[in-house]
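Subject: Structure for your review

Dear colleague,

Please find the structure below, handed over for your work. My findings follow it.

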Amino acid sequence: MGVDLRQVVAGILTITMFVMLGQMLHRDYFDAQVQGDAHDIEFHGSKASLEDGLVRSSEGNNGPWMEDSHDLKPCWSISESDEAVSSKGYVTFSLTNGPEYHVSQITDAVMVAKHLGATLVLPDIRGSKPGDEMNFEDIYDADKLVKSLESVLKVVKKLPSHVSLRDIAIVKVPTRVAEDYIKEHINPIFKSKGNIRVTTYFPSVNLRKSSLDGETDPVSCLAMFGSLELQPGVNELVEAMIQRLKKSNGRFIAIDLRVEILEKKNCHETGAGGSKTCYNAQEIALFLRKLGFDGDTTIYLTQPRWESSLNILKDIFPKTFTKEMIMPADKKSKYLELENSEYENVIDFYISSRSDVFVPAIPGLFYANTVGKRIALGKPQVLVPAEISGTSGLSTDYISPYISKKNHLAYSCFC
């Protein structure tokens, strides 16, 4: 019996289609929106096109590196209607749960104060444990925040002594709070009490922009991308650590991989198309090798201290470091040896934002807000991990869809 060539070709195309579909399902599930805790989220992924202007490959020099892109510029503008008005009360709040939450919390507090015509009080910083409290100035530059926001609202460093804490109403607001919500749900409370304390809750940790969002509020863009900067001492430390990582090859990969989270039950679940929630050290090592990064590649891990489960990664990539390995010795007593881990979280977030490549082995708000900062900085190489069948893969197939599809909220502020 003769073989119909058309049937053979059709069969090959069908198999190819299913392979591609499986990969797309995996990566599109990685960032899927969920309710509740940030660590429950899974990643989204998609295939990026070399022609779309997002990806500029630079093969060689230890792997498929990309060049930074500085095509995007801030495209928000403050109109007369956005300018500061006379203040008639105070909005207080705290920064909690780490820098990836701080970005969203400062944005929501600014939005509330702005649309209420209130004065914003500089927040304190609270860690995950009771008693973990720091001043805003311990980590962030207070003067720069005040100056950056002066065109849209007044910011004071302390609540005036004549304002009693008993006169402050506590108001919970959803992250990415909009002007309409503020007018309907918060303004009546503010008018009644005169002063409020805002606490942000996260019904979702997804930062994808949506056609339902409407036009992004320029005040929100300013708060999210133009207000929080590290205070000089912390910024100098981060810069020194980045320079040590770059010393060997001039480039490095930052991987958000924390053993404590990997050991949680929900990190071992699978979703649509067999997609994974988290990836361990061995899986990340194989992923990077199959993409073409060689054994001389420098890697930074957000893991606080070295653990034996990471040895497989160091076997494949000997130049793998955690904070205590590259931090200057005279800084460790202040930044590493305290029970309060806020400094360490901030170091991880800003190094991951400025690395040449970022790989989120763990999904969540750290991933989402790190991508936002990277978009603002022109650093598009964010690789969503996956199990690659065969011996190799193209890095452009694993670019975060936040970037390849331009669907991150940051693209509403940069264009």
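In this predicted model, strands β3 and β10 run parallel and are joined by 3 bridges. Within this pairing, Val-91 stands opposite Ile-196 of β10. Strand β10 also pairs with β9, again in the parallel sense, over 7 bridges. One of the bridge partners here is Tyr-201 in β10, which is matched with Pro-174. Between β9 and β10 the chain passes through helix α4, and this β-α-β crossover is right-handed.

Helix α4 itself covers residues 179–193, 15 residues in total. From its first C-alpha to its last it reaches 20 Å, close to the 21 Å expected at 1.5 Å a residue. The helix nevertheless bends by about 50° at Ile-186, and Pro-188 follows within four residues. Just after α4, Gly-194 adopts a positive phi of about 90°.

Which residues of α4 are buried? They are Ile-182, Ile-186, Asn-187 and Phe-190. Ile-186 is thus both a buried residue and the site of the bend. The buried residues of α4 pack against the strands β3 (90–92), β9 (168–174) and β10 (195–201), and against helix α2 (99–116).

Helix α4 also carries a salt bridge, between the side chains of Lys-183 and Glu-179, at 3.1 Å from N to O. Both residues lie in the helix, 4 residues apart, or about one turn. Residues three or four places apart in an α-helix point the same way, because there are 3.6 residues a turn. Lys-183 is partly exposed, with a relative accessible area of 48%, and Glu-179 is likewise partly exposed, at 31%.

A search of the whole structure finds 13 salt bridges. Among them is the one between Lys-144 and Glu-229, whose closest N and O atoms are 3.4 Å apart. Lys-144 belongs to helix α3 (residues 142–149), while Glu-229 sits in the loop between α5 (218–226) and α6 (232–246), so this salt bridge ties together parts that are 85 residues apart in sequence. Both partners are partly exposed: Lys-144 has a relative accessible area of 44%, and Glu-229 one of 36%.

A further salt bridge links the side chains of Lys-147 and Glu-150, at 3.7 Å from N to O. Lys-147 is exposed, with a relative accessible area of 58%, since exposed means over 50%.

Yours sincerely

Methods: Residues numbered from 1 in each chain as written. Predicted model: local features only at pLDDT ≥ 70, side-chain atom pairs only at ≥ 80, totals over all residues. Heavy atoms only, no water. Helix = DSSP H or I, 4+ residues; strand = E, 2+ residues; numbered from the N terminus. Expected span 1.5 Å × (residues − 1). Bend = angle between axes of the 7 residues up to and from the residue. Buried < 20%, exposed > 50% of the residue type's maximum accessible area, 1.4 Å probe, protein only. Contact = heavy atoms within 4.5 Å. Pairing = 2+ DSSP bridges. Right-handed = clockwise from strand over helix to strand, strands pointing away. Salt bridge = Lys/Arg side-chain N within 4 Å of Asp/Glu carboxyl O.
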